[in-house]
Amino acid sequence: MHVQFFHNTVLTCISNESDSPLTKQRNEFLPSVMKTATQTTIEGSPSWTATVHRNRLSLGRLQRAKVFLWQLAHNAVLTASRTVGWGRENNPNCMSCDNDIETPFHVIRDCPMSSPVWNCRVKLQNIGMFYNLDLKEWIIANMTVDMGSDDDMEWKDIFVIAVWLIWKFRNEYIHSNINTSLRIKEMKIKNLAREIRDARRRIENNQHEESLTVSWQPTQKD
Ligand SMILES: [Zn+2]
């Protein structure tokens, strides 16, 4: 019980994945990135400090994003259109915009909460194709064609990360009423893509694995 709490708390902190249902994978991820962890007490509350492998953490997050993309491709993402089919909810409409049926593809690409993110990143000449493919074609095209407007980062990395973070932004909005601005969404996607690019470069250059120290206190609900 204590270990479970600890694993979930550490990973919630270091990878900000409080919405993920993949607890099993999360618990496998933890030992691969963490070097040390200590617990202290501040004003009667437990406080944790962990040192993690920076490169492994960055590439582990890319791996998590790829797992989500696989789930999306295999219709394994739970949205309102699917829970209606299970008789658990009555309204299949998008919980963010209420404009359309909430399929996973609507949430990730077409929802007005998501499309501005893509419109900023996809090259103008590719926009028509980007919005005219079905889900599987769309995933294959984005994983094989350079659709983006960034010259210094690989489009497929930005694509996978954007898909994953858009899902997280949607969950934060409907579950916690957090409405992240387009600017912040853009920044988070770009920062994570840069982090992954830099981790790859450090590994290619045989640079010494850097450590990153993170500290946190469990919140009330923990
Ligand atoms: Zn929507």
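Helix axes here are lines fitted to C-alpha atoms over the stretch in contact, and angles between them run from 0 to 180 degrees between N-to-C directions. Helices (H or I, at least four residues) and strands (E, at least two) are DSSP runs, numbered from the N terminus. The model is predicted: local features need pLDDT of at least 70, side-chain atom pairs count only at pLDDT 80 or more, and totals for chains, interfaces and linings use all residues. Residues are numbered from 1 along each chain as its sequence is written.

**Whole chain.** Select the protein chain, which has 10 helices and 3 strands. From the N terminus on, the order of elements is α-α-β-β-α-α-α-α-α-α-α-α-β. Of its 222 residues, 27% count as buried (20 or more other C-beta atoms within 10 Å of the residue's own; exposed is 12 or fewer, partly exposed in between; C-beta atoms placed from the backbone).

**Helix α9.** Next select residues 155–176, which form α9. The helix has 22 residues and reaches 30 Å from first C-alpha to last, close to the 32 Å expected at 1.5 Å a residue (1.5 Å times one less than the number of residues). Just after α9, asparagine 177 takes a positive phi of about 60°.

**α9 against α10.** Add α10, residues 182–204; its axis comes within 9 Å of that of α9, and the two cross at roughly 135°. That makes α9 oblique to α10 (under 35 degrees is roughly parallel, over 145 roughly antiparallel, 65 to 115 roughly perpendicular, the rest oblique). To see the contact (C-beta atoms, placed from the backbone, within 7 Å), show Asp157, Ile158, Ile161, Ala162, Leu165 and Phe169 of α9 with Lys185, Lys188, Ile189, Leu192, Ala193, Ile196 and Arg197 of α10. By class, the contact of α9 with α10 has 9 nonpolar (Ala, Val, Leu, Ile, Met, Phe, Trp, Tyr, Cys, Pro), no polar (the others, Gly among them) and 4 charged residues (Asp, Glu, Lys, Arg).

**α9 against α3.** Now select α3, residues 54–73, which packs with α9 at about 75°, axes 9 Å apart. That makes α3 roughly perpendicular to α9. The contact residues include Phe68 and Leu69 of α3 and Trp164 and Trp167 of α9. By class, the contact of α3 with α9 has 10 nonpolar, no polar and 3 charged residues.

**Aspartate 152.** Finish in the loop between α8 (135–144) and α9, at aspartate 152. Aspartate 152 is exposed, with 7 other C-beta atoms within 10 Å. Draw a C-alpha to C-alpha distance from aspartate 152 to arginine 197: 9.0 Å, at 45 residues apart in sequence.

Note on methods: Two residues are in contact if their C-beta atoms, placed from the backbone, lie within 7 Å.
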